[in-house]
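Student: I want to go through this model step by step. Can we work from the overall layout down to single contacts?

Tutor: Yes. Here is the entry.

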Amino acid sequence: MSDLQFAVIDRIIEMAWEDRTSFEAIEYQFGLSENEVIMLMRKELKLSSYRMWRKRVSGRKTKHGATNPSYKFKASCHK
């Protein structure tokens, strides 16, 4: 995870903030598990921003592919 380029880190953070992008989609595209995304967010964001993000995504059904009934935001490879 330490060898990620700035543009890739920026895109992962952007996807993690999006409500409809699941952790599974991030893992499929970048190979980072949910725990690795959490660690990346903790490292890259300010503490207050990280806390706000964690509060926002904790328990959110749309951040987990298994509990997200919406398929319109997923790539065809995830169907």
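Student: Where is the place of S22?

Tutor: Keep in mind that this is a predicted model. Follow the chain past helix 1 and stop before helix 2. S22 sits in the loop between helix 1 and helix 2.

Student: Is S22 buried or exposed?

Tutor: The cut-off for buried is under 20% relative accessible area. S22 has a relative accessible area of 6%. That makes S22 buried.

Student: Which backbone nitrogen does the side chain of S22 reach?

Tutor: Look for a polar pair within 3.5 Å. The side chain of S22 comes to 3.1 Å from a backbone nitrogen. That nitrogen belongs to A25.

Student: How many helices and strands does the protein chain have?

Tutor: Read the elements from the N terminus on: they run α-α-α-α. The count is four helices and zero strands.

Student: What percentage of the residues of the protein chain count as buried?

Tutor: The protein chain has 79 residues. It exposes about 5500 Å², with 51% of that from carbon and sulfur atoms. The share of residues that count as buried is 32%.

Student: Among contacts with a separation of 6 or more, what share comes from residues 24 or more positions apart?

Tutor: Take the contacts in the protein chain with a separation of 6 or more. Then keep those between residues 24 or more positions apart. They account for 59%.

Student: Why do the buried residues of helix 2 lie on the same side?

Tutor: In helix 2, F23, A25 and I26 are buried. Around the axis they cover an arc of only 160°, which puts them on the same side of helix 2. Their cover includes helix 1, helix 3 and helix 4. The value behind the answer is the arc, 160°.

Student: Which residue just after helix 2 takes a positive phi?

Tutor: Step just past the end of helix 2. The phi there is about 80°. The residue is G31.

Student: Which residues of helix 3 are buried?

Tutor: Helix 3 spans residues 34–44. Start with the other side, where N35, R42 and K43 are exposed. The cover over the buried residues includes helix 1, helix 2 and helix 4. The buried residues are V37, I38, L40 and M41.

Student: Within what arc do the buried residues of helix 4 fall?

Tutor: The buried residues of helix 4 are S49, Y50, W53 and V57. Seen down the axis, they line one face of the helix, because they fall within an arc of 100°.

Student: Which exposed residues does the face of helix 4 turned away from its buried side carry?

Tutor: The buried side is covered by elements including helix 1, helix 2 and helix 3. Now turn to the face away from it. That face carries L47, R51, M52 and K55.

Student: Which helix supplies the largest share of the largest nonpolar core?

Tutor: This core has 16 residues, and A16, I26, V37, M41, Y50 and W53 have the most contacts inside it. Helix 1, helix 2, helix 3 and helix 4 each supply at least two residues. The largest share is five residues, and it comes from helix 1.

Student: Which residues does I26 touch, not counting those up to four places away in sequence?

Tutor: I26 is one of the buried residues of helix 2. Leave out its sequence neighbours up to four places away. The residues touched are I12, M15, A16, T21, G31, L32 and V37.

Student: Why is the pair of F23 and W53 edge-to-face?

Tutor: There are two aromatic pairs. In this one the ring centres are 6.4 Å apart and the planes are at 85°. F23 in helix 2 and W53 in helix 4 are 30 residues apart, so the pair links distant parts of the chain. Planes over 60 degrees apart count as edge-to-face, so 85° makes the pair edge-to-face.

Student: What is the pair of Y50 and W53 called?

Tutor: Y50 and W53 are three residues apart in helix 4, about one helical turn. Their ring centres lie 6.2 Å apart. Their planes are at 40°, so the pair is tilted.

Student: Which residues form the one aromatic cluster?

Tutor: W53 pairs with F23 and with Y50. W53 is buried at 0% relative accessible area, F23 at 3% and Y50 at 8%. The cluster is F23, Y50 and W53.

Terms used: Residues numbered from 1 in each chain as written. Predicted model: local features only at pLDDT ≥ 70, side-chain atom pairs only at ≥ 80, totals over all residues. Heavy atoms only, no water. Buried < 20%, exposed > 50% of the residue type's maximum accessible area, 1.4 Å probe, protein only. Contact = heavy atoms within 4.5 Å. Arc of directions from axis to C-beta. Core = buried A, V, L, I, M, F, W, Y, C linked by side-chain atoms within 4.5 Å. Phe/Tyr/Trp six-rings, centres within 6.5 Å; stacked < 30°, edge-to-face > 60°. Polar contact = N/O pair within 3.5 Å; in protein donor to acceptor, adjacent residues only side chain to side chain. Areas by Shrake-Rupley, 256 points an atom, 1.4 Å probe, with all protein chains shown as cover.
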